[in-house]
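Student: Could you take me through the contact between the chains, up close? I'd like a connected account rather than a list.

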Amino acid sequence: MLHSQLPWFIGGPILGLCVVAMRWLMNERLGVMGAWSDVVHTVAARRLSFGPFGWMLFGLIAGAAAFALVAGGPDFHGYGWLTDTFTGPNGTLIIVAILLASGVLIGLGTKIAGGCTSGNGLSGNAMASPASLVATMTFFVTGIAVTLITEALI
Amino acid sequence: MAGTRVAGLVIGIVFGVVLSWSGMTSPNVIREGLLFQSSYLFLFFGGAVTTAFVGLWLLRRRAPRALLTGEPVQWETIKPERRHIAGSLIFGIGWGVSGACPGPIATQLGQGIAWGIPTTVGLVLGIVLFDRLQARAQAAPKRAPAASVIPSPVAADASA
């Protein structure tokens with residue numbers, strides 16, 4: 001962390017208000033996976049007419065870029081436990097393979113579940129959706145279990 | 001409609017700054033949370049859900065029309081299905097290993113973190129793979145019983 005971390009009781013509620021804004025302005029469920037899908041599907045159709053979700057993804061990227069500019073660099077260096085564990089000449093290759101595979105699981109899994117940490121976890125639970133509650137419990141328990149397992153193995 | 005696109009962009013910028021400033025972009029912060037070494041992840045997530053829950057509850061009670069599109073502000077929820085568990089299991093594995101989910105993957109790219117590139121490529125491949133599975137399940141529903149966790153396009157739209 002190269003800067004003072006935004007207190008959770010400020011950052012959390014601002015994200016919550018983003019969900020409310022999306023609903024109040026255009027009656028949509030805020031979800032970052034929906035944003036990725038919009039961009040992928042629009043580009044795959046050889047068009048550039050992105051919808052509000054596609055523009056939200058560009059905003060996410062732009063907001064993070066602006067933050068890095070103001071903070072004087074990215075938020076972290078290396079890549080956590082992966083760069084700590086896999087060192088040497090083959091290390092980078094192994095990490096790239098692991099992150100690529102993780103990305104596939106994240107993309108496929110969230111599409112099947114109809115939402116990610118924001119779509120199901122944040123928005124869906126705020127909508128009091130039973131499906132989102134089950135999805136959230138599932139990915140939190142799985143994420144915790146997988147993290148504990150990798151921590152035990154390294 | 002241009003207004004909704006501008007609104008999407010602005011909401012994305014706010015979201016991106018918060019995901020960066022809070023440290024959610026960093027796999028270290030996510031991992032410390034999932035290992036229960038730090039309470040920040042859970043407090044942050046809880047604060048976000050609570051605020052959104054109260055905000056949406058107030059919004060639903062007032063039942064206004066959406067400010068930009070004019071449509072009634074309303075939504076429906078669905079009961080849990082197998083796909084919500086199966087999909088979140090698959091997602092949870094990727095999340096636990098990489099310490100990243102779709103929002104932070106975007107903010108890693110924005111911050112210029114090169115490790116975000118392979119994760120992004122994988123994410124896009126995952127979407128493409130899902131589209132293929134969905135198309136196949138649609139084309140031959142009776143021959144693909146194993147793909148029954150793949151939601152139909154209609155169900156995927158109303159997935160909350």
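Tutor: Let's come in from one helix end: right after α5(A), Gly114(A) has a positive phi of about 70°. Keep in mind that this is a predicted model. The helix before that glycine, α5(A), has 23 residues and reaches 32 Å between its first and last C-alpha, close to the 33 Å expected at 1.5 Å a residue. α5(A) is also part of what covers the buried residues of α5(B), so that helix of chain B is a good way into the contact.

How much of α5(B) is buried? The count is 10 of the 10 residues, so α5(B) is largely enclosed by the rest of the structure. The buried residues include Pro102(B), Ile105(B), Thr107(B), Leu109(B) and Gln111(B). Their cover comes from both chains: α2 (32–44), α3, α5 (91–113) and α6 of chain A are included, together with α1 and α6 of chain B. Just past the end of α5(B) sits Gly112(B), with a positive phi near 80°.

α6(B), one of those covering helices, holds Leu123(B). Leu123(B) counts as buried because it has 31 C-beta neighbours inside 10 Å. Leaving out residues up to four places away in sequence, Leu123(B) touches Trp36(A), Gly103(A), Ile106(A) and Gly107(A) on chain A, plus Pro102(B) and Ile105(B) on chain B. Ile105(B) lies 18 residues from Leu123(B) along the chain, and their C-alpha atoms are 9.0 Å apart.

Now zoom out to the whole contact. Chain B puts in 99 residues and chain A puts in 97. On the chain B side, the elements giving two or more residues are α1 (2–21), α2 (27–34), α3 (40–62), α4 (82–98), α5 (102–111) and α6 (116–139). The largest share of that side is from α1(B), with 17 residues. Sorted by class, the chain B side has 58 nonpolar, 35 polar and 6 charged residues.

What does α1(B) do against chain A? Take its crossing with α3(A). Two packed helices are described by the angle between their axes and the distance between the axes. Here the axes of α3(A), residues 52–71, and α1(B) come within 6 Å and cross at roughly 40°, and the crossing is right-handed. The residues of that helix contact split into 22 nonpolar, 7 polar and 1 charged.

A good residue to look at there is Met56(A). Again leaving out residues up to four places away in sequence, Met56(A) touches Gly8(B), Leu9(B), Ile11(B) and Gly12(B), as well as Ala35(A). Met56(A) is also one of the residues that touch the most other members of the largest nonpolar core, which has 81 residues; the others are Val19(A), Trp36(A), Leu57(A), Ala52(B) and Phe91(B). In soluble globular proteins, nonpolar side chains tend to be buried together.

Ala52(B) from that list is among the buried residues of α3(B), as are Phe44(B), Phe45(B), Val49(B) and Leu56(B). What covers the buried residues of α3(B) includes α1 (8–26) and α6 (117–126) of chain A together with α2 of chain B. As for helix geometry, the 23 residues of α3(B) should span 33 Å at 1.5 Å a residue, and the end C-alpha atoms are 33 Å apart, which agrees. Just after α3(B), Ala63(B) takes a positive phi of about 45°.

For contrast, try Ala145(A), in α7(A), residues 130–153. Is Ala145(A) buried or partly exposed? Partly exposed, because 14 other C-beta atoms lie within 10 Å.

Finally, some background on each chain. Chain A has 7 helices and 0 strands, and chain B likewise has 7 helices and 0 strands. Buried residues make up 54% of the 154 residues in chain A and 48% of the 160 residues in chain B. Along the principal axes, the C-alpha trace spans about 50 × 40 × 35 Å for chain A and about 50 × 40 × 30 Å for chain B. Of the contacts between residues at least 6 apart in sequence, those joining residues at least 24 apart make up 43% in chain A and 45% in chain B.

How values were computed: Residues are numbered from 1 along each chain as its sequence is written. Chains are lettered from A and ligands numbered from 1 in the order in which they are written. Two residues are in contact if their C-beta atoms, placed from the backbone, lie within 7 Å. Helices (H or I, at least four residues) and strands (E, at least two) are DSSP runs, numbered from the N terminus. Ala, Val, Leu, Ile, Met, Phe, Trp, Tyr, Cys and Pro count as nonpolar, Asp, Glu, Lys and Arg as charged, and the others, Gly among them, as polar. Axes are lines fitted to C-alpha atoms, for helices over the stretch in contact, and angles run from 0 to 180 degrees between N-to-C directions. A crossing is left-handed if the near helix is turned anticlockwise from the far one by less than a right angle, and right-handed if clockwise. The expected span of a helix is 1.5 Å times one less than its number of residues. A residue is buried if 20 or more other C-beta atoms lie within 10 Å of its own, exposed if 12 or fewer, and partly exposed in between; C-beta atoms are placed from the backbone. A nonpolar core is a set of buried Ala, Val, Leu, Ile, Met, Phe, Trp, Tyr and Cys residues joined through C-beta atoms within 7 Å.
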